[in-house]
2 protein chains.
Amino acid sequence: MTNKDIILQTALRLFAEQGYDRTPTSQIAREASVSEGLIFRHYINKEGLLKAIIAQGMAQIAETMASYAEQSGSPRWALIQHIERSLTSIRENEVFWRLVTNIRFQSGISAIAGKEIEEVNQFVVRHLAENFRKISTEAPEQQALLLFAQIDGICLHWLRDTEHYPLDKMKQLLIKQYNHVYF
Amino acid sequence: MTNKDIILQTALRLFAEQGYDRTPTSQIAREASVSEGLIFRHYINKEGLLKAIIAQGMAQIAETMASYAEQSGSPRWALIQHIERSLTSIRENEVFWRLVTNIRFQSGISAIAGKEIEEVNQFVVRHLAENFRKISTEAPEQQALLLFAQIDGICLHWLRDTEHYPLDKMKQLLIKQYNHVYF
DNA sequence: TACCTTTGTGAGTGACTACTCACTTTGTAT
DNA sequence: ATACAAAGTGAGTAGTCACTCACAAAGGTA
């Protein structure tokens with residue numbers, strides 16, 4: 001692991017824990033055991049560091065999503081699978097999602113790194129809409145938006161109270177709901 | 001309107017637009033047309049100002065919620081009503097909810113004013129759970145958590161893209177879903 | 001060895017920000 | 001009119017933070 005990577009990992013953790021604005025570069029340097037100047041040599045400025053973190057994390061997410069997309073099955077099964085996978089991935093990438101959440105809903109910052117996040121979101125919604133269309137649901141795009149919002153809502157509530165929130169139960173309930181609904 | 005109120009309103013708007021951390025007290029003073037010192041005379045410090053904003057807004061929300069709670073009807077109707085009202089109130093109190101959202105998902109700040117928000121949330125969930133219990137749903141508490149997350153997810157997505165997000169359609173779809181589901 | 005590039009350092013700087021304080025103005029009760 | 005409290009001012013302060021820069025060390029190449 002190079003110092004450049006150590007800086008990235010440390011910043012990811014601290015941004016997720018404390019928030020971007022409340023994490024001084026001096027602290028990142030200290031906890032990464034490098035000089036403060038090195039951060040700026042590698043990432044130009046603090047925004048550049050944030051962008052690099054988002055870019056790396058999103059690339060990883062996109063990669064795993066692509067590998068899943070190769071699998072084939074009935075559209076209804078694909079939808080259920082998507083719920084399943086989303087609510088599992090949040091656990092596996094907890095720290096990164098915590099950072100993303102911080103950024104998504106913070107007015108001033110979302111401009112810095114919001115676009116990459118939006119793109120992945122839109123990709124997900126299109127993928128969902130396609131499956132709803134195959135089931136011949138009326139208004140598939142809106143059904144996709146709804147399901148996406150529902151999954152997102154669960155993720156966000158889990159991030160807010162990770163220890164107590166019954167994520168698995170929520171997953172089961174949501175799946176049950178979509179198994180019962182006649183589109 | 002006293003200067004104290006003007007400061008509160010101005011800070012609410014700026015916090016919602018730019019975020020708490022990215023809004024200097026000097027800007028609040030300038031846009032409220034008062035001296036910077038006056039902010040601290042009335043609210044002690046910046047955190048005090050934020051707490052006052054949250055307290056006022058939440059009191060207002062609690063008030064309207066209480067007035068609605070007086071109405072009676074079937075539990076299923078009450079659930080539908082809650083969806084209806086939540087997704088209307090978000091439009092009416094857009095600025096305040098935008099601020100609340102900023103705070104809820106920001107790691108460092110939620111400690112300052114997060115408790116009041118949590119309390120109202122828990123109140124809502126308990127109210128929902130009660131209605132689910134009356135319908136004799138299995139696991140009413142978790143059904144309540146799910147519905148709450150679903151509504152919240154829609155609200156959050158609308159706040160992220162207020163101009164384009166089809167809030168009314170989402171409302172209709174969610175209600176339709178809950179009318180079709182057999183608990 | 002000599003030379004160049006990349007990586008790394010840490011003291012220093014200018015800009016900004018929350019907050020203070022001595023002082024003035026306004027309102028109000030007697 | 002006088003006295004007193006509350007409201008209001010704005011220059012000043014101590015501290016923090018992102019970022020710079022002159023310099024040193026390390027690594028590769030000939």
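Let's start where the protein meets DNA strand D: the largest share of the surface near this strand, 4 residues, comes from α3(B). Keep in mind as you look around that this is a predicted model. In total, 16 residues surround DNA strand D, and the closest are A:P24, A:N45, A:K46, B:S35 and B:G37. Notice that both chains show up in that list. The elements that give two or more residues here are α2 (25-32) and α3 (36-43) of chain A, plus α1 and α3 (36-43) of chain B. Sort the residues near strand D by class and you get 4 nonpolar, 7 polar and 5 charged.

Now swing over to the other strand. Around DNA strand C there are 16 residues, and the ones that come nearest are A:S35, A:G37, B:P24, B:N45 and B:K46. Two or more residues apiece come from α1 (3-18) and α3 of chain A, and from α2 (25-32) and α3 of chain B. Here α3(A) gives the most, with 4 residues. By class, the surface near strand C divides into 4 nonpolar, 7 polar and 5 charged residues.

Next, leave the DNA and look at how the two protein chains touch. Chain A puts 34 residues into the contact, and chain B puts in 34 residues. On chain B's side, the elements that give two or more residues are α1 (3-18), α6 (94-104), α8 (140-160) and α9 (167-180). Of these, α8(B) gives the most, with 12 residues. What kinds of residues make up chain B's side? They split into 13 nonpolar, 14 polar and 7 charged.

One helix on that list, α6(B), deserves a visit of its own. Because 9 of its 11 residues are buried, α6(B) is largely enclosed by the rest of the structure. The buried stretch is made up of B:F96, B:W97, B:R98, B:L99, B:V100, B:T101, B:N102, B:I103 and B:R104. So what covers them? The cover includes α1, α4 (46-69), α5 (75-92), α7 (110-134) and α8 from chain B, together with α8 (140-160) from chain A.

That brings us to α8(A) itself. With 17 of its 21 residues buried, this helix is largely enclosed by the rest of the structure too. You can also check its length: at 1.5 Å a residue, the 21 residues of α8(A) should span 30 Å, and its end C-alpha atoms are 30 Å apart, so the two agree.

Definitions and conventions:
Residues are numbered from 1 along each chain as its sequence is written. Chains are lettered from A and ligands numbered from 1 in the order in which they are written. This is a predicted model: local features need pLDDT of at least 70, side-chain atom pairs count only at pLDDT 80 or more; totals for chains, interfaces and linings use all residues. Two residues are in contact if their C-beta atoms, placed from the backbone, lie within 7 Å. Ala, Val, Leu, Ile, Met, Phe, Trp, Tyr, Cys and Pro count as nonpolar, Asp, Glu, Lys and Arg as charged, and the others, Gly among them, as polar. A residue is buried if 20 or more other C-beta atoms lie within 10 Å of its own, exposed if 12 or fewer, and partly exposed in between; C-beta atoms are placed from the backbone. A residue is near a molecule or strand if its C-beta atom, placed from the backbone, lies within 6 Å of it. The expected span of a helix is 1.5 Å times one less than its number of residues.
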